[in-house]
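Me: I am a first-year student, and I would like to understand how the words used for a protein model follow from its values. Could you take me through it step by step?

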Amino acid sequence: MGKLLTVGVVLAALLGFLSERFLTYRSRLLYDREPENKDLPNCRLIEGIEYGSEDLVILPNGLTFISSGLKSPILKSFAPDRPGEIFLLDLNEADPKPVVLKISDGFDVSSFNPHGVSAHIEETDNVVYVFVVNHPHGTSTVEIFKFEEENNYLLHLKTIKHELLPSIDDIVALGPESFYATVDYYFANFIMQYVEILLGLPWSSVVYYSPTDVKEVACGFYFTNGINISPARKYIYIADSLDHSIHIMGKDDNNSLTPVKVIPLETIPRSIDVDPVTGNLWVGCLPNCWKLFNYDPESPPGSEVILIQNILSDEPVVTQVYANNGSVLQGSSVAAVYENKLIVGTGFHKALLCDLSEPEHDVA
């Protein structure tokens, strides 16, 4: 009788613990948040992008690289058998059309599964290096390409895989072969990743990589997602999606990171873009991540864009710029501005382009 009672107490305690963890998990995903639509004038869906625009990076001249076709066990896909692609979009055009970039022979395009993307322009020769987080066959690598604009071509230079990079989400390039990367999960195995999230383990991190030095430079996050660098290259901005916050880190001379402050948000931040002129942050967000993980076409995940101004001041200003319930754009992941054009990408859906300078008209 005593043994049965002990077993019963243990099971009840375990059930209580798991129930509490599940409720906390749902809360972190903002399962009951339903923000009102907030439209922008002069917006249209970009024709030709149908299966995701998970991340993007805009060069100073307006050329934009967009990763598309991400597949994940937790992410909806409208084309599960279609390889991923990198689009090129010229935001200087009045009606920009995406062009699929060709990739050099020898690179396995059939398993290409692009996620985060970044770029580095070498000052000595203006060569553009494109960095892409790739998940071939469920693994994590960083692919480095040389962009050849005259041929709309990516020449594959190098694949990087490292034990400190078991599950990469996003990346910010620092040089031709160096970068910071967000490691969203401690484990590489999907089942263990789910356990990690369900238990709320703060084991997510940021890693610095160069050919001569690889090290963890920040840890203790619940789910690191987007990462970017300030225009003066003194600060690193990190999105912790499940903590609903943006972390500001000082970049040390040895590439270690020093915490500066944390900006709490009321949404789930994903990729971060930094305005090169103002230093303001444009953040693609999820208003409700529960809907992303539990996709229902009748109630799809919505989209949200926030702007953070004066981020290094004592009183940064956080403004909701755009919000949609999924009727136009599902599951936003990134937002960026070039001159007066705002582009909003998604993990598995379409992409939205808004002209912020023209008189108002309806969303197409």
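**Strands, a disulfide and burial**

Reply: Strand β21 (residues 303–309) and strand β22 (residues 317–324) run antiparallel and are joined by 7 bridges. This is a predicted model, in which local features need pLDDT of at least 70 and side-chain atom pairs count only at pLDDT 80 or more, while totals for chains, interfaces and linings use all residues. Residues are numbered from 1 along each chain as its sequence is written, and side-chain values use heavy atoms, with hydrogens and water left out.

Me: What makes β21 and β22 a pair of strands?

Reply: Strands are DSSP runs of E with at least two residues, numbered from the N terminus, and two strands pair if DSSP finds at least two bridges between them. The 7 bridges between β21 and β22 therefore satisfy the definition of a pair. In one of these bridges, Ile308 has Val318 of β22 as its partner.

Me: How do you know that β4 and β5 pair?

Reply: Strand β4 (residues 85–90) and β5 are joined by 2 bridges in the antiparallel sense, and because at least two are required, they count as paired. Phe87 has Val100 in β5 as its bridge partner.

Me: Why is the link between Cys43 and Cys354 called a disulfide?

Reply: A disulfide is a pair of cysteine sulfur atoms within 2.5 Å. The sulfur atoms of Cys43 and Cys354 are 2.0 Å apart, so they meet that definition. This disulfide connects distant parts of the chain, since Cys43 lies in strand β1 (residues 43–45) and Cys354 in strand β25 (residues 352–355), 311 residues apart. A search of the whole structure finds 1 disulfide.

Me: Why does Cys289 not form a bond with Cys285?

Reply: The closest cysteine sulfur to that of Cys289 belongs to Cys285 and is 12 Å away, so it is too far for a bond.

Me: Why is Cys43 called buried, and which word, buried or exposed, fits Cys219?

Reply: Buried means under 20% relative accessible area, exposed means over 50%, and partly exposed lies in between, with a 1.4 Å probe and protein chains only. Cys43 has a relative accessible area of 1%, so it is buried, and Cys354, also at 1%, is therefore buried too. Cys289 has 6% relative accessibility and so counts as buried, whereas Cys219, at 53%, counts as exposed.

Me: What makes strand β21 mostly covered?

Reply: In strand β21, 6 of its 7 residues are buried.

Definitions and conventions:
Helix = DSSP H or I, 4+ residues; strand = E, 2+ residues; numbered from the N terminus.
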